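Me: Hi! I'm new to reading protein structures and would like to go through one with you. Could we take it step by step, with questions and answers?

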Amino acid sequence: MIPLLILSPLILLAAIGAVWMARPVHAALMLALTLALVAVLYLALGAEFIGLVQFAVYVGAVAVLIVFSLLITRPGDEAEEIERRPRSLVTGLLCTLPVMAVLAYTAASGSNIKLIPWQPKLSIAELGEVLFTSHAPAVLALAVLLTAVLIGAALFAREPDKTQDDSSEK
Amino acid sequence: MKTGKPTRWVLPGLGLFQGLAVTGKNMVQSFYKKERMTTVQYPEERAPISPNFRNFPFLVYDKDPKAGLRCTACSICEKECPPQCIYIVLDRDENGKSLKRPKVFDIDLSVCMNCGICSEVCPFDSIYMDGEYELSTDDRFGGLLFGLDRLSKSAEYHMKLRPEQASEVMARRKADEEKKAAAAAAKLAKAKADAEAKKAEAEAKAAEGKGEDA
Amino acid sequence: MTPLAMMLTLSSVLFALGLLAVLTRRNAILVLVGIELMLNAANLNFIAFWAFDSPGAHNAAEPVLSGPMFVMFSIAIAAAEAAVGLAIILMVFRHTRSTDLNKLDSLHG
Amino acid sequence: MNLFAAISTEPALWSPEWLPRLPQRLVEMLLGFLGAPEWLVSIAGFLVAAGTVVGVFLGGFALLSLIERKTLARIQNRIGPNRAGWFGILQPVADGIKMLTKEDIVPAKAEKFLHLLAPILIVVPAILALGVIPYGREWTPVSLELGLLFFFAVGSLTELSVFIAGWASGSKFPMLGAMRAISQMVSYELPLIISALGVVMVSGTLSLPLIVEQQGGFHLGFIPAWNLFTPWGFFAGILFFICSIAEANRCPFDLPEGESEIVAGHMTEYSGFKYALFFMGEYLGLFAISALGITLFLGGWQAPLPGLGFLPSWIWFFGKLAIVIFMFLWIRGTYPRVRIDQLMRFAWLCMIPMALLTLPAAGIWTILNRDGHGFLAWAITVPLLLIPCVIVTVIFNRRLASANRTYRFAE
């Protein structure tokens, strides 16, 4: 409960930063901070394995990928973004607030469910066993998906053939 | 890969280990093979400088640092110097007559480019290139301006620094001096002979006069 | 407020923030940032239900680890999604020299 | 919280095995004697234990910065630093004073806060990663059940901090250096993790002390039962070593800070103490990754020969660490820097396929050995690994490494 009380406002602040920062790189770094804090929350809740995986995958790979593509694509100037923001915020909030209200109402109304508290413990040996027995089809599907993604991403990001498409070269 | 040369098949990756062997040998042998070490511990020991190493001009004097200076302040080097780093003032006596020696002779180290033209053009064998290389200083104005006191070095120094050049110069100078001395002696002898002849003539005249008188 | 309700509220706000980013941002990469936030909000829910309610106590046959298991798959898929998404954005950038979504209004590639 | 699954046995206080943990024990005993509350005692104990590790490795960092220069000098037939103190032993102190008294320059276009944050973020993961390594039988600063995963999770933070350093400097060379560094680190982290996975498969645990313990004992009475002396472990160990060279940004993979190309990479705009922090982070990272390699493949603190167990186990660990670090120095003194396209091609076309092959090899090895077919295990795994290795090397040598560079402006 105490780590939750400490971490939730931090997570929300970092997430607001990720949504609101005008400079794209700042926003991406705030996203990395948010994800790292969520990983810490997982650790505090007893799901160490998930927390460390979250840290390795999100902070180490996804956030780095995002900042790297920001470097490559040279995003436009933020002055226009700041000037445009109040208007887009109004429309954005108009769409977002109902969603949040519904979600929060559901969350609050769920608080009368009977819970059986326990000491959460994640054993990786057990996790591994379940993963490769009852969840084996899912793992196989995921493996196929990841292979496809690897090939697809490599094909997408490959430099276009110079002989047929010279205009896109810098 | 078409290099034209027939490529001999070697085990891929063999070069990696050969490289390691070379550097490993270097490292091990550096501990006991003195001749491997290429560096010298500079301030304590110095590598011998080549006799062809020329760095900065100096002025030669014979015997006395002031009076023996070979320089006559002719300013040829000052005019020839490409970066114009030499500054010479001729010394004069109270009557404004040239004393044929420099009152000021400055070379600016920060400007000098060590070309050696000054020593080539000097007709008096006075300026030569030095082998000195520890000229750095923390005083960037005064420390880099070399006056007469720091520029003049003895003929013995020159002899030690560049024996070949110096002995050649010395021999030439000696020959010149001897020739000069011989000429002076000849002149003297001639003058003496002339005087004697005159004297003899006068004596003869006197004797004649006496004889006439008698 | 119970811890579970708190976690659920946190995740709902996080989801809303992600949605806001998706709706308001113009840069395609930053839209992806919003999507990552939404995915994380969902993951938080799984972990919350797993941590605060004894799994397997209600039904002995139910696997004890479904919460973390879901999150693991979700993280793997999110990583794949980010990789493909960014590859597509780079591809688009190469064609149009821009990642501004509002400028991608031409059907002619 | 079972994060700190402590392996604790109460030993004799003064035995050499316990020497590294003596400060921690003394502080705990002193506080207990003074009647401090239990949480304070445990926190102080943790702090002192962390301080011991950090102190040991900061001393190692200072020593290594001297030894590296000395070794490189010997390889190049020079003497190396020998002015400050006896044989230059005070050179690290002189370097430290110089670094500390230098002017701290922040470029005008830099992001001030991030510029300050990056060097800190470089050092922190290295120190955290050093915390989970088992240095001796009784000396594991933090014994985590998920030690290996923790190591990699924390290590992945380095990429982000390198990016921050490059981007926050607001200048060209740091940016280029950071882009190079990130692409190199991401590419080499994959084979690094995959080659470590074989060990996890065989030992069935992510806890580093347990992995070391499983490498105890000897084959035939004198060959240590380290993972390196199995076919899959040999290949995985070599792959791990190559990847750790790249991860630690050491020559010949030091492109991110190749001084003849892009000044100093992401560190270009740093000076004074911040630069020293980068330096420190790099060396601590080198220590950490070498220590992990030793733990996974070289038997950690296990003695190399039977009958040598009378020496405290941490001496073996640091002896192995010294040898591995010397290999890094030797390689740095030998090989020239590779080109960026060669580097990436090598990672994706050689390292990753080979690393993936070690996984089935490790599985076959374990299953066959469990069933008692030791000879069959050798007969299957050695060709399984050796033949693809030769094929990959020959192909790489012939076709890929010599891919001609296209010059756009020259000629």
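Me: Into which domains is chain D divided?
Reply: Happy to help, and keep in mind that this is a predicted model. The division of chain D has two parts, and one of them is written as two stretches of sequence, 103-303 and 310-397. Those stretches form domain 2, and the other part is a single stretch. So that you have both names together, chain D consists of domain 1 (15-101) and domain 2 (103-303 + 310-397).

Me: How far apart do the C-alpha centres of these two domains of chain D lie?
Reply: Here we compare one centre with another, each belonging to a domain of chain D. For domain 1 and domain 2 of chain D, the separation of the C-alpha centres is 23 Å.

Me: Which helix gives the most to the side of domain 1 of chain D that touches domain 2 of chain D?
Reply: Let's begin with the contact itself: 21 residues of domain 1 of chain D meet 24 residues of domain 2 of chain D. On the domain 1 side, helix H2 (38-75) and helix H3 (91-101) of chain D each supply at least two residues. The top contribution there is 13 residues, and it comes from H2(D).

Me: How many residues on that side of domain 1 of chain D are nonpolar?
Reply: We can sort the residues of domain 1 of chain D that touch domain 2 of chain D into three classes. Three are polar and three are charged. The nonpolar class holds 15.

Me: Why can chain D be called as compact as a globular protein of its length?
Reply: Chain D has 14 helices and two strands. To judge its compactness, we set its radius of gyration, 23 Å, beside the value that the globule rule gives for 411 residues. The two are close, so chain D is as compact as a globular protein of that length, the rule's value being 22 Å.

Me: What share of the residues in chain D is buried?
Reply: Picture the C-alpha trace of chain D first: along its principal axes it spans about 70 × 60 × 45 Å. A residue counts as buried if 20 or more other C-beta atoms lie within 10 Å of its own. Among the 411 residues of chain D, the buried share is 42%.

Me: What percentage of the residues in chain D score at least 70 in pLDDT?
Reply: The average pLDDT of chain D is 83. One stretch to treat with care is residues 1-9 of chain D, where pLDDT stays under 50. For chain D, the share of residues that score at least 70 is 93%.

Me: Which chains share the most contacts?
Reply: Some pairs can be set aside, since chain A and chain B do not touch, with their nearest C-alpha atoms 21 Å apart. Chain B and chain C do not touch either, and their nearest C-alpha atoms are 32 Å apart. Of the three pairs of chains in contact, the most contacts are shared by chains A and C.

Me: Which helix supplies the largest share of the side of chain A that touches chain C?
Reply: This contact joins 70 residues of chain A to 62 residues of chain C. Several helices of chain A give two or more residues to it, including helix H1 (2-20), helix H3 (48-73) and helix H6 (136-157). The largest share is 12 residues, and it comes from H3(A).

Me: How many residues on that side of chain A are charged?
Reply: The residues of chain A that touch chain C include 53 nonpolar and 16 polar ones. What remains is the charged class, and its count is one.

Me: Which helix gives the most to the side of chain D that touches chain A?
Reply: Here 17 residues from chain D meet 17 residues from chain A. Helix H5 (147-155), helix H6 (157-168) and helix H7 (172-203) of chain D each supply at least two residues of the chain D side. With five residues, the top contributor is H6(D).

Me: Which residue of S3(B) stands opposite B:Val89?
Reply: Strand S2 (residues 86-92) and strand S3 (residues 98-108) of chain B run antiparallel, joined by six bridges. In their hairpin, five residues lie between the strands, and B:Gly96 takes a positive phi near 80°. Opposite B:Val89 stands B:Val104.

Terms used: Residues numbered from 1 in each chain as written. Chains lettered and ligands numbered in written order. Predicted model: local features only at pLDDT ≥ 70, side-chain atom pairs only at ≥ 80, totals over all residues. Contact = placed C-beta atoms within 7 Å. Helix = DSSP H or I, 4+ residues; strand = E, 2+ residues; numbered from the N terminus. Nonpolar A, V, L, I, M, F, W, Y, C, P; charged D, E, K, R; others polar. Domains from an automatic or database assignment. pLDDT = per-residue confidence, 0-100. Pairing = 2+ DSSP bridges. Rg over C-alpha atoms; globule rule 2.2 N^0.38 Å. Buried ≥ 20, exposed ≤ 12 C-beta atoms within 10 Å, placed from the backbone.
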